[in-house]
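This report describes a protein model in terms of confidence, fold and packing. The sequence and structure are shown first.

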Amino acid sequence: MSSNNFNYLPRAMEAANIRQEVISHNIANVNTPNFKKSDLVFEELLAKELYGEDTGNKLQMVRTHDKHLPPAEIPFVAIPSIVPNNQTLMRVDNNNVDIDIEMANLAKNQIYFNALSTQMSNYVKELKNVITSGQSG
């Protein structure tokens, strides 16, 4: 069991919730002239936070003396960010929302949120089991 689940799962669920709102806003404006869709960036930021910019060259911190303090965990700083997408498709009204892509993104995001929710639920059940039985499973 990892306590990191309480660090990243709720934030990922929040990002999925915000993404749902962004996609819904894009769909609602599919016929609005000059509307430019938005995207949500989170997973890339989380990956950079967890693994660094270049995972191959990341230095491992070690203690070289017993009196040195152990390396501290880096606090969670990845925040979901809404980014406008100014890519223009060949539409006469300068709207760049593709309803098929948005509907696919909506379905994908729902599956993603459900997976996160299931993972969080399983983690809480396991914690409850450990608390009530005194054993990790």
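The text below treats confidence, secondary structure, surface and core in turn.

The model is predicted. The protein has a mean pLDDT of 84, with 82% of its residues reaching 70 or more. Confidence is lowest in helix H2 and highest in strand E1; the table gives the values.

| Element | Residues | Mean pLDDT |
|---|---|---|
| Helix H2 | residues 43–51 | 82 |
| Strand E1 | residues 38–41 | 96 |

The secondary structure consists of 3 helices and 2 strands, arranged along the sequence in the pattern α-β-α-β-α. Of the contacts that link residues at least 6 apart in sequence, 79% join residues at least 24 apart.

The protein has 137 residues, of which 23% are buried. Its exposed area is about 9,900 Å², and carbon and sulfur atoms supply 57% of that area.

In soluble globular proteins, nonpolar side chains tend to be buried together. Here, the largest nonpolar core contains 10 residues: Leu9, Ala12, Met13, Ala15, Leu40, Phe42, Leu46, Ala78, Leu116 and Met120. At least two of these residues come from helix H1 (5–28), and at least two from helix H3 (99–133). H1 provides the largest share of the core, 4 residues.

Which residues does alanine 15 touch, not counting residues up to four places away in sequence? With that exclusion, Ala15 is in contact with Leu40, Phe42 and Pro80. Among these partners, Leu40 and Phe42 also belong to the largest nonpolar core.

Methods. Residues are numbered from 1 along each chain as its sequence is written. This is a predicted model: local features need pLDDT of at least 70, side-chain atom pairs count only at pLDDT 80 or more; totals for chains, interfaces and linings use all residues. Side-chain values use heavy atoms; hydrogens and water are left out. pLDDT is the predictor's confidence in each residue, from 0 to 100. Buried means under 20% relative accessible area, exposed over 50%, partly exposed in between (1.4 Å probe, protein chains only). Contact means heavy atoms within 4.5 Å. Accessible areas come from the Shrake-Rupley method with a 1.4 Å probe; for residues, only the protein chains shown count as cover. A nonpolar core is a set of buried Ala, Val, Leu, Ile, Met, Phe, Trp, Tyr and Cys residues joined through side-chain atoms within 4.5 Å.
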